[in-house]
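Work through the following exercises with the sequence and the 3D structure at hand. Each task is followed by a solution in steps.

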Amino acid sequence: MSLLIIAVCLAAGSLIGFMGGALGIGGGLIAIPALVLLMGMSQQLAQGTALIMVLPAITVAVRKYNQQARIDRRVAAAGAAGAVVFTWVGARLALGIDSSVLRQSFAVFLFFVALFYVWQTWRAGRLASRRQRLEQASEQRSEQPSNKHAPPRPVPILTPRRASVLGMLCGTLGGFFGVGGAVLAVPIITTVFRLSQTTAQALALCMVIPGSTVALITYAWAGQANWMVGLPMAIGSLLFVPVGVRLAYKLPERKLRICFALLLFATVALLVFES
């Protein structure tokens, strides 16, 4: 491999690490279509190579998230335990199907996740506007809003048992697509359990670390991982993940969700173009 290609991989890893840290996705969603489109890799080889970069990047990202706000270790450990075996199952399934079918499945999955994020962002804005109107109306009437409106519904708590079930689902998807476990976990945690975007991203990344290790071993054992490309990308990614994580805590949650959805739509477009 020439020094130019190594330099390109370093630069690409730096950009992917920055974006992955800011959006809480580990960067794999960007790396996989880039490897397919720019380097002509099969979907399986791209997924295995991306895991080389993703695994150290998400480990650093979790450390940085934990420095900002302590992660619930019991919940994260339960989710990670649930993901391990099912990640191996998903990876074995991916290695046994045609590359084009896997690529199309990946694009469909990301498209629906992006649609969910658009809906979630729209819904959050609508609820905020509604609360503001109710507060203004109550001030004008000088009445207590609690006398006029039903109490809010209780929000489910993300217990270790629930996190374990979530980890099983995310592990299957993460193994099948090489990435994706955190992508699915984040909207579920923010919507169902009403945790903040950054808290959800931290927990989701914690859950996928052991599973991603299993997935990388599985892909590498099958010869579907290019270490000469993946290692320079990993080094570049590690340098800029902390910068992305710091940005994540400065951006408003609404803008973070919109950026996440736009990134997913762009990824879908790249995969469809390649197909």
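**Exercise 1.** Is Leu 264 buried or exposed?

Solution. The model is a predicted one, in which local features need pLDDT of at least 70, side-chain atom pairs count only at pLDDT 80 or more, and totals for chains, interfaces and linings use all residues. Residues are numbered from 1 along each chain as its sequence is written, and side-chain values use heavy atoms, with hydrogens and water left out.

Step 1. Take the cut-offs: buried means under 20% relative accessible area, exposed means over 50%, and partly exposed is in between (1.4 Å probe, protein chains only).
Step 2. Leu 264 has a relative accessible area of 0%, so Leu 264 is buried.
Step 3. Place the residue: Leu 264 lies in helix α10, residues 253–274. Helices here are DSSP runs of H or I with at least four residues, strands are runs of E with at least two, and both are numbered from the N terminus.
Step 4. Look for a partner far along the chain. Tyr 117 is 147 residues from Leu 264 in sequence, with 9.5 Å between their C-alpha atoms.

**Exercise 2.** Find how many helices and strands the protein chain has.

Solution.
Step 1. The count gives ten helices and zero strands.
Step 2. Written in sequence order, the pattern is α-α-α-α-α-α-α-α-α-α.
Step 3. Of the 275 residues in the protein chain, 48% are buried.

**Exercise 3.** Determine which residues form the nonpolar patch on the surface, and which helix gives the most to the patch.

Solution.
Step 1. Apply the rule for patches: residues need over 30% relative accessible area and no salt bridge, like charges are joined within 9 Å, and nonpolar side chains (Val, Leu, Ile, Met, Phe, Trp, Tyr) within 5 Å. A salt bridge is a side-chain nitrogen of Lys or Arg within 4 Å of a carboxyl oxygen of Asp or Glu.
Step 2. The patch consists of Val 85, Phe 86, Trp 88, Val 89, Leu 93 and Met 168.
Step 3. Together they have about 540 Å² of accessible area, computed by the Shrake-Rupley method with a 1.4 Å probe, where for residues only the protein chains shown count as cover.
Step 4. Helix α4, residues 73–95, gives the most, with five residues.
Step 5. Check one member: Phe 86 lies in α4, and Phe 86 counts as partly exposed because its relative accessibility is 34%.

**Exercise 4.** Find how many cavities of 30 Å³ or more there are, and describe the lining of the largest cavity.

Solution.
Step 1. Set up a 1 Å grid over the protein atoms alone: a cavity is a set of points where a 1.4 Å probe fits but cannot get out, a pocket is an open set with protein on both sides within 12 Å along at least five of seven lines, and lining residues have an atom within 4 Å of a point. Grid points are joined across faces, edges and corners, and a volume is the space filled by probe spheres set on the points.
Step 2. The count is one cavity of 30 Å³ or more.
Step 3. The largest cavity holds about 170 Å³ of space.
Step 4. Its lining has 23 residues, and Val 179, Gly 180, Gly 181, Val 208 and Ser 212 are the closest to the centre.
Step 5. Helices α3 (43–68), α4, α6 (160–177), α7 and α8 each supply at least two lining residues, and α8 gives the most, with six.

**Exercise 5.** State which elements line the second largest pocket.

Solution.
Step 1. The volume of the second largest pocket is about 320 Å³.
Step 2. The pocket is lined by 17 residues, and nearest its centre are Val 8, Ala 12, Ala 34, Leu 35 and Leu 38.
Step 3. Helices α1 (3–23) and α2 (28–39) are the elements that give two or more residues to this lining.
Step 4. The largest share, eight residues, comes from α2.

**Exercise 6.** Describe the backbone and surroundings of Arg 194.

Solution.
Step 1. Arg 194 is not a glycine, yet has a positive phi of about 55 degrees.
Step 2. Arg 194 sits in the loop between α7 (181–192) and α8 (197–221).
Step 3. With a relative accessible area of 49%, Arg 194 is partly exposed.
Step 4. The C-alpha atoms of Arg 194 and Pro 156 are separated by 8.2 Å, with their positions 38 residues apart along the chain.
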